[in-house]
Amino acid sequence: MRARVAARALRGAIAAPPSKSMAHRLLLCAALAEGETVLRNVPASKDVQATLRGISALGARVRRMDGGAYSILGIPTGTRPRQAAIDCGESGSTLRFLVPVAAALGVETTFSGTGQLPNRPLSPILPCLAAGGAAFHYENTLPFTLGGQLKPGRYEIAGDVSSQFITGLLFALAALEGDSEILLTTPLHSGPYVEMTLQAMAAFGVRARRTPLGWFIPGGQRFIPCDTAVEGDYSGAAFFLCAGAISGDVTVEGLSPLSLQGDRAVCDVLERWGASVTRGRDFVRVQSAPLTGGPVAGEDIPDILSILAVTAAAAQGETAFTGAARLTIKECDRLAATAALISDLGGRCRGEGDLLAVEGQPLAEGLRPGGPAATHRDHRMAMSAAIAALWCEGPVELDCAECVEKSYPDFFRDYEMLGGSVHVF
Ligand SMILES: O=C(O)C1=C[C@@H](OP(=O)(O)O)[C@@H](O)[C@H](O)C1
Ligand SMILES: C=C(OP(=O)(O)O)C(=O)O
């Protein structure tokens, strides 16, 4: 499905979508708990559907309630399935969280996936799982089957490929009877995501302690079921907050200023660049103002780098994002795709090594042509392209509109609510 989108400015208020990252985590904890958890404000995104399928396959009983809530009966200790098959769709989080968890539960599980997922890295976690008791034969693609039984102990892993491996290990090791330790062999990137993991675990009464080189996870802990709601998503909201900064006045409701989400940094970056940012108790409002770009460290905030680059294209001066190499292993090579998107629409951007560099041009100095935009079927590229339409004279034509369903199914509805035009064909 293609879409032609256009907007001169976006104005108004929308509700933040629920956080996909927090939903994955709370669902995992609920699956590991004994008894019934009620989880409210669960996103309808495809990735979260994949995690719901995954925990069901491992033995959790999932029931949809009214209004986006779910009841989850945790995986019973005595009657776990011996085998399971999980289609992770395109969700890296689902795969990388569930691989160590399945091994901790001792359920022989076949993991499959679509899109780029079979090509995204999994190998960094496999040696430590093998040393810890898991058994598998992995040929650098999916499907692959993992069996064996993970034991408590010492797990060494790189911190700079994907933090999702560490999140998965934290869940898995906390479900074992003995004490364990995670040791980072390289510095941690995407660190705030690990903090979100610890926060989700704490909501279920489970703890891990930071050590100089990793985490200590006491064994014999129990995940205690609870009734909780998924918080609003800064990663999805970032698209419209950036739109407010480029041209307009956008309020996103349901965003907590206390959230541990690393992508909350979008507010600080936009403010530093000159936008007017108001942080309320439960909302963020961004109003446009003349923007001047400036350097951004991207190591911890990979999911907002593309939309920040699109925003920097409408700012005065050059903006350099460091830590951009990790964008090459997302749903597409987002480093190349972001540079191509901005360049194809008439802006200036290059991606090289660990650097994404944008040469901006303020709106007052003229609009860019617009035209076709390649999404590579990547939700964050599609949403970035739609916001880039704000600095384009003509419409922007996306080659795939439905890919937004991976994280933000209502994206185009919200785009229209704020005054943008969307024609799907
Ligand atoms: O843990 C998470 O919820 C995520 C971690 C990040 O991945 P990396 O840790 O691989 O950077 C991020 O890009 C992804 O969208 C969600
Ligand atoms: C990379 C993403 O998610 P995942 O790694 O879970 O597929 C994302 O949402 O941009």
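The following exercises, each with a worked solution, concern a predicted model of a protein with two ligands.

**Exercise 1. Overall form**

Determine how the radius of gyration of the protein relates to the value for a compact globule, and describe the fold in outline.

Solution. Begin with the chain length: for 425 residues, a compact globule would have a radius of gyration near 22 Å, and because the protein has 21 Å, the two agree. Next take the extent along the principal axes, where the C-alpha atoms fill a box of roughly 65 × 45 × 40 Å. Then turn to the secondary structure, which comes to twelve helices and 24 strands. Burial follows, with 53% of the 425 residues counted as buried. Finally, consider the contacts with a separation of 6 or more, of which 74% are made by residues 24 or more positions apart.

**Exercise 2. The domains and the ground between them**

State which segments make up each domain, and work out what the contact between the two domains consists of.

Solution. The domain assignment gives domain 1 as residues 3-17 + 232-424 and domain 2 as residues 20-218. The C-alpha centres of the two domains lie 30 Å apart, and the contact takes 19 residues from domain 1 and 19 residues from domain 2. On the side of domain 1 that touches domain 2, the residues divide into seven nonpolar, four polar and eight charged. As a separate step, compare this assignment with the record: an unreviewed UniProt entry lists residues 8-413 as "domain: Enolpyruvate transferase". Over residues 8-413 the chain is 30% helix and 23% strand, and the C-alpha atoms at the ends are 17 Å apart.

**Exercise 3. The two ligand shells**

Identify the residues around ligand 1 and around ligand 2, and establish which domains supply them.

Solution. Start with ligand 1, which is surrounded by Ser-21, Ser-93, Ser-162, Ser-163, Gln-164, Thr-167, Ser-190, Tyr-193, Pro-302, Asp-303 and Arg-326. By class this shell has two nonpolar, seven polar and two charged residues, and its largest share, three residues, comes from helix 5 (residues 163-174). Domain 1 and domain 2 each give at least three residues to the shell around ligand 1.

Continue with ligand 2, around which lie Asp-47, Ser-91, Gly-92, Ser-93, Asp-303, Lys-330, Glu-331, Arg-380 and Ser-407. This shell has no nonpolar residues, with four polar and five charged ones, and again at least three residues are drawn from each of domain 1 and domain 2. Reading the two lists together shows that Ser-93 and Asp-303 appear in both shells.

**Exercise 4. Annotated positions**

Locate Asp-303 and Arg-25 in the fold, and decide whether each is buried or exposed.

Solution. First consult the record: the unreviewed UniProt entry places the feature "active site" at Asp-303, and its "binding site" positions include Lys-20, Arg-25, Asp-303 and Lys-330. Asp-303 lies in the loop between strand 18 (296-297) and helix 9 (305-312). Because 25 C-beta neighbours fall inside 10 Å, Asp-303 counts as buried. Apart from residues up to four places away in sequence, Asp-303 touches Ser-235, Asp-263 and Arg-380, and Arg-380 also belongs to the shell around ligand 2.

Arg-25, by its position, is found in helix 1 (residues 20-32). With 27 other C-beta atoms within 10 Å, Arg-25 is therefore buried. When residues up to four places away in sequence are not counted, Arg-25 touches Met-196, Thr-197 and Ala-200.

**Exercise 5. The setting of Ala-382**

Describe where Ala-382 sits, and find which residues it contacts beyond its neighbours within four places in sequence.

Solution. Place the residue first: Ala-382 is part of helix 11 (residues 379-388). Its burial follows from a count, since 29 other C-beta atoms lie within 10 Å, where 20 or more suffice for a residue to be buried. Leaving aside neighbours within four places in sequence, Ala-382 is in contact with Thr-375, Leu-398, Cys-400, Ala-401, Cys-403 and Val-404. For one of these partners a distance can be added: Ala-382 and Leu-398 are 16 residues apart in sequence, and their C-alpha atoms are 6.7 Å apart in space.

Notes:
Residues numbered from 1 in each chain as written. Chains lettered and ligands numbered in written order. Predicted model: local features only at pLDDT ≥ 70, side-chain atom pairs only at ≥ 80, totals over all residues. Near = placed C-beta within 6 Å. Helix = DSSP H or I, 4+ residues; strand = E, 2+ residues; numbered from the N terminus. Nonpolar A, V, L, I, M, F, W, Y, C, P; charged D, E, K, R; others polar. Domains from an automatic or database assignment. Buried ≥ 20, exposed ≤ 12 C-beta atoms within 10 Å, placed from the backbone. Contact = placed C-beta atoms within 7 Å. UniProt positions renumbered as here; feature names shortened; annotations may be inferred. Rg over C-alpha atoms; globule rule 2.2 N^0.38 Å.
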